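Trainee: Before I rely on any of the labels attached to this model, I would like to go through the reasoning behind them with you.
Mentor: Then let us look at it together and take the labels one at a time.

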Amino acid sequence: MSTTTLYPARKFSLQKLTRPGNFVWFIFTLLIIVCLLSSPFFFTARNLKNVFLIQSIGLSIVTLAQVLIIISGNIDMSVGAAVSLLTTLAAGLFRDLPGIDPFLVAAIIIAAGLLIGGLNAFLTVILRIPSFMGTLATMSLLQGLIFFYTKTPIGGIPKSFRLLAKYKLAGIPVCFIYFLLIFGIVALLVRRHRFGTHLYAVGSDSYIAGISGIAVRRVKIYAFLLAGSLVSFAAIFLASRMAGGGPTTGSGYELDTITAAVIGGVSLSGGEGTLLGAIGGVLILTIFSNLMNLLNISSYIQMLLKGLILIIAVSFYSKKNNE
Amino acid sequence: MTATTPLLEFRKICKSFPGVKALTDVDMSFRKGEVHAIVGENGAGKSTLMKILSGVYQPTSGEVYFNGEQVTIRNPHEAQLMGVSIIFQEFSLIRHLDVVSNIFLNREPTTFLGLKDRSTAVRKAKELFRSMDVDIDVNRNISELSIVEQQLVEIAKALSVTAQVLIMDEPSAPLTDKELKKLFEIIRSLKAKGVTVIYISHMLEEIFEICDRVTVIKDGVVTHTDEVKNMTKDLLVKKMVGRDIDDIYPPLGTAGKDDNLLEVTGLTSTPRINNVTFTLRRGEVLGLAGMVGAGRSEIIKTLIGLNPKDNGCIIFEGSPIENRSIAQAIENGFYYIPSDRKNEGIIADMTIMENTTIASLKEHLQHGIINRKSERLFAGNENKKLRTKTSSLEEQIKNLSGGNQQKVLLARALLTRPKVFCIVEPTRGIDVGAKHEIYKIIRDLCNSGSSVIMVSSELPEVIGMSDRILVMKQGTVAGIIDQSAGRATEEEVLSLAVGHEYSLHAKESN
């Protein structure tokens, strides 16, 4: 039997550059060039370390959590409050139980993160509250809980716990390895594990995923649990970096993670987008705010510009989708 | 299992949706290794029955037996485990995933800890397509494929399961002759392996070519089961429709020859229609016929201001008018019901009452506030007149059957008291009984002095309903047939629509 060639194979096209997943790196490069031209301080070792390691790792890990939730067809408004709560919890544990094993603290943080993810899953998947509302409620709940515990930041996290952010292994910062490890595992899950395929399927069309035999609700619950644990890993890093935690440590993270995801080509309607793209989005956001700082532009104006970027990114991609 | 035990059996299956009884006491049995056709009009309940078998729906009552044992199929996953595989009528592919991922969705070959074995999946997918004798790049996303390719992937997905029962719900619809032949080869080889194939199709020729037995469902009830070799096409049609074709359409109207409601001259909207001239008499149904893309619905869209009018003159009741938007068109006494009921007609989440009054809400305003009492009164009366079947006006319209949704849309239109009423595919996806009622509603509207412009791809419908038929060909008027002296034949209409020659195939692809 002969095989007929009816359908031409896929070809490379220039259009690929403007695909969300690639376009973000185009913008990234452009932004770097602008930075190099506009400030002599940008390309100093100190500043680069600041931008790529200190500023972006925390946000990157939380963004991974957000992206998982968005791909599954939901959204998570509670990540900011969760980061605040978890860093505060870490600092509080060290303050109230001097000499506590740092690994025990990390384990408690992860357990607490899973609990928050579980709560979000319960609200949106079991009680079927739309995720925006459900996680918004979680956010308020968590923020209230923090203020019940403390109104001011708690410092004094011991050196042993701070090694994560400070220590270098053979010249490479440990926190960078920490991030790569987390990113690698999540990427493996999403790209190479059947869970990832199911995650995209559920977010793309939960009805079709269901009639294909996928346990839709279970996939969504796993996504929330996974996101919860990722938020704890971010909180562990942030507590280690700032040597403390407080009620506002994670404020703004819900918006920043969503913005980064959208800039990185993750579709807010679910089922579309890559982890790497979203990390590109994080880098664009951090470099952008670094540039603003170097140029001495006030943080209020930065906030305003961030809003504008979000509008431009969303309208750009929704226009592309309509074409 | 003895030879007489059927592989699969339905006993007294009933299924109700809010306001509709889709299936009533369905008994059916399927033998091992047979190709069993299920036929019936749109909305007869074929797809509902198959969704019960594949675990998408649960029956309201009744039992399913598989290999002689009673089974409960709670979800699609259980159906898969049982060995039931289905090619759905609507696509069941994830657009953002590639071909391989779709074929093995939820059955991904894995290495360890659930990690996907991509190379095995790719190899198996390629083998599958090779055995089907088609060439598709398995790494492409579904969103990049044509409809035909998507259907082939759909078939491959169903075949990738070692199934005992394979359901094919309208598998041939998007396929060309060439692929259809391949599909039949596949079915024959499945049959040889002892797989039971349930084949649902509108195309009776296919049933006579490939099927062993046939079951007819009409209005949710099994009316006939027999060996295909004992049936003829005419017999099958009669069993499906259950009534004579002449009883379906109400008698034609008696519109005056010179009583013109609308005169359209030189209507042009590039590139779709060019220099279209016609008149619409008071109280007539003007049917627009022609091939897909000939510009039938474009005339209506240009007339009511949905498409830009590049040229031409519309004279309505003796004076020239312009419709620049739908709102203005309604203001001028026009109304338009599009063919895509689900997306362009109903507002799915709103109630029947809200759907009925939304076009005429202005009349129920008192100082800018909606008078719910008068809204309810009008919506209730109109739906009662059209005999919309529902438990309550507060029911969401999406829970109604297609026929009843269409009646609500007609009620919505009638409340604007249109003089020129335009409707595209008035009975698409509607069962025969409701079709008849909708024809009557349209005819009654004409008898009360309004005029109707109707587009339909079903030729019998155009011929059955229209006082005059305007035939379009490539954006221009090919001819106008007056039916007052007697109804035209399908051949007459077709020969105008395609020029000097036509084939039956051209009609079917319409």
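Mentor: The model is a predicted one, and we can begin with Thr215(B), which stands opposite Thr225(B) in S10(B).

Trainee: What makes strand S9 and S10 of chain B a pair?

Mentor: Two strands count as paired if DSSP finds at least two bridges between them. Six bridges join S9(B), residues 213-218, to S10(B), so the criterion of at least two is met, and the two strands run antiparallel.

Trainee: Which sheet do they belong to, and in what order do its strands come?

Mentor: They belong to an open sheet of six strands in chain B, ordered S6-S7-S8-S3-S9-S10, in which the pairing is mixed. Neighbouring strands of this sheet are turned by 15 degrees against each other on average, with direction ignored.

Trainee: Why are S6 and S10 of chain B said to stand at the edges?

Mentor: S6(B), residues 84-87, and S10(B), residues 221-227, each have a single partner strand, so one side of each is left without a neighbour in the sheet.

Trainee: What lies across S6 and S7 of chain B, and at what angle to S6(B)?

Mentor: Helix H5 of chain B, residues 147-159, lies across both strands and runs at about 180 degrees to S6(B). The angle is taken between N-to-C directions on a scale from 0 to 180 degrees, so a value of about 180 degrees means that H5(B) and S6(B) point in opposite directions. Helix H1 of chain B, residues 46-53, lies across S3, S6, S7, S8 and S9 of chain B, at about 150 degrees to S7(B).

Trainee: How do you know that S16 and S19 of chain B pair, and in which sense?

Mentor: S16(B) and S19(B), the latter covering residues 420-424, pair in the parallel sense over four bridges, which satisfies the requirement of at least two. Within this pair, Ile337(B) has Ile423(B) in S19(B) as its bridge partner. Both strands are part of an open, mixed sheet of six strands in the order S16-S19-S20-S13-S21-S22 of chain B, where the twist averages 20 degrees from one strand to the next.

Trainee: Finally, how many residues does each chain give to the contact between chains A and B?

Mentor: Chain A gives 25 residues and chain B gives 24. On the side of chain A, the largest share, six residues, comes from H8(A), and the residues of that side divide into 10 nonpolar, 10 polar and five charged.

Methods
Residues are numbered from 1 along each chain as its sequence is written. Chains are lettered from A and ligands numbered from 1 in the order in which they are written. This is a predicted model: local features need pLDDT of at least 70, side-chain atom pairs count only at pLDDT 80 or more; totals for chains, interfaces and linings use all residues. Two residues are in contact if their C-beta atoms, placed from the backbone, lie within 7 Å. Ala, Val, Leu, Ile, Met, Phe, Trp, Tyr, Cys and Pro count as nonpolar, Asp, Glu, Lys and Arg as charged, and the others, Gly among them, as polar.
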